[in-house]
Every structure is written in C-alpha cells, then in structure tokens.
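Student: Walk me through one helix and its surroundings, please. I want each label justified.

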Amino acid sequence: FYRLGSDIKSARKALGFSRRELAEAVGIDPRYLANIENSGSLPSLPVFWELVRLCRLPVESYFYPETQGSSNSQRLRIRQK
C-alpha cells in the first residue's frame with residue numbers, strides 16, 4: 001500500500017477530478033483525501049474500495065503486488081478487454 005496515495009493522486013489528476021470532487025464522490029472530507037494522497041494515511045476498506053473504483057486502479061496490485069511483474073497470457077487478455 002506504500003504507493004496508494006501517489007497512485008490515487010495521479011489517477012485523480014489524469015481523470016480530471018479536483019480533490020474536492022473526488023472526496024465528495026467518495027463521501028469523505030477533502031482533507032482526509034489529502035492525507036491519503038500526501039501523508040500515506042491508509043483509508044478504511046470502504047473508502048479504499050471507492051477510491052480505487054472511481055480512479056480505475058487495479059485493486060489486485062495492492063493486495064497481490066507480486067503479480068504486477070508477471071504477465072501471463074490470460075492476464076494480458078483480461079487487460080485488453
């Protein structure tokens with residue numbers, strides 16, 4: 001989870017969300033989102049789920065980081081879809 005905050009921040013900017021807009025969509029205070037993005041605070045599981053869903057981040061990369069480097073044929077097909 002060490003990259004979660006920076007991943008969320010990058011995805012939020014790429015999707016064109018302001019910090020306030022994303023925080024409102026998730027139902028949290030913008031300061032809480034700032035702490036997650038900048039200070040490495042870990043969100044609760046429901047907040048985590050909403051953030052990765054709205055930011056379109058691959059949730060498995062945070063629970064199974066060892067799979068990030070492996071790209072078998074089935075994973076490639078799924079990513080392409």
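**Helix α1 and its neighbours**

Tutor: Just after α1, G16 takes a positive phi of about 80 degrees. This is a predicted model, where local features need pLDDT of at least 70, side-chain atom pairs count only at pLDDT 80 or more, and totals for chains, interfaces and linings use all residues. Residues are numbered from 1 along each chain as its sequence is written, and side-chain values use heavy atoms, leaving out hydrogens and water.

Student: Why are α1 and α3 called roughly perpendicular?

Tutor: Helix α1 (residues 4-15) and helix α3 (residues 30-39) pack at about 115 degrees, axes 6 Å apart. Angles of 65 to 115 degrees count as roughly perpendicular. The pair is therefore roughly perpendicular.

Student: Which residues in α1 and α3 meet?

Tutor: From α1, G5, S6, I8, K9 and R12; from α3, L33, I36, E37 and N38. Contact means heavy atoms within 4.5 Å. The residues of this contact divide into three nonpolar, three polar and three charged.

Student: What span is expected for α1?

Tutor: The rule is 1.5 Å times one less than the number of residues. With 12 residues, α1 reaches 16 Å from first C-alpha to last, close to the expected 16 Å.

Student: How do you know that the buried residues of α1 line one face?

Tutor: Buried means under 20% relative accessible area, exposed over 50% (1.4 Å probe, protein chains only). L4, G5, D7, I8, A11 and R12 are buried. Down the axis they fall within an arc of 160 degrees, so they line one face. The face turned away carries the exposed K13 and A14.

Student: What do the buried residues of α1 pack against?

Tutor: They pack against α2 (19-26), α3, α4 (45-54) and α5 (60-63).

Notes: Axes fitted to C-alpha atoms, helices over the stretch in contact; angles between N-to-C directions. Helix = DSSP H or I, 4+ residues; strand = E, 2+ residues; numbered from the N terminus. Parallel < 35°, antiparallel > 145°, perpendicular 65-115°, else oblique. Nonpolar A, V, L, I, M, F, W, Y, C, P; charged D, E, K, R; others polar. Arc of directions from axis to C-beta.
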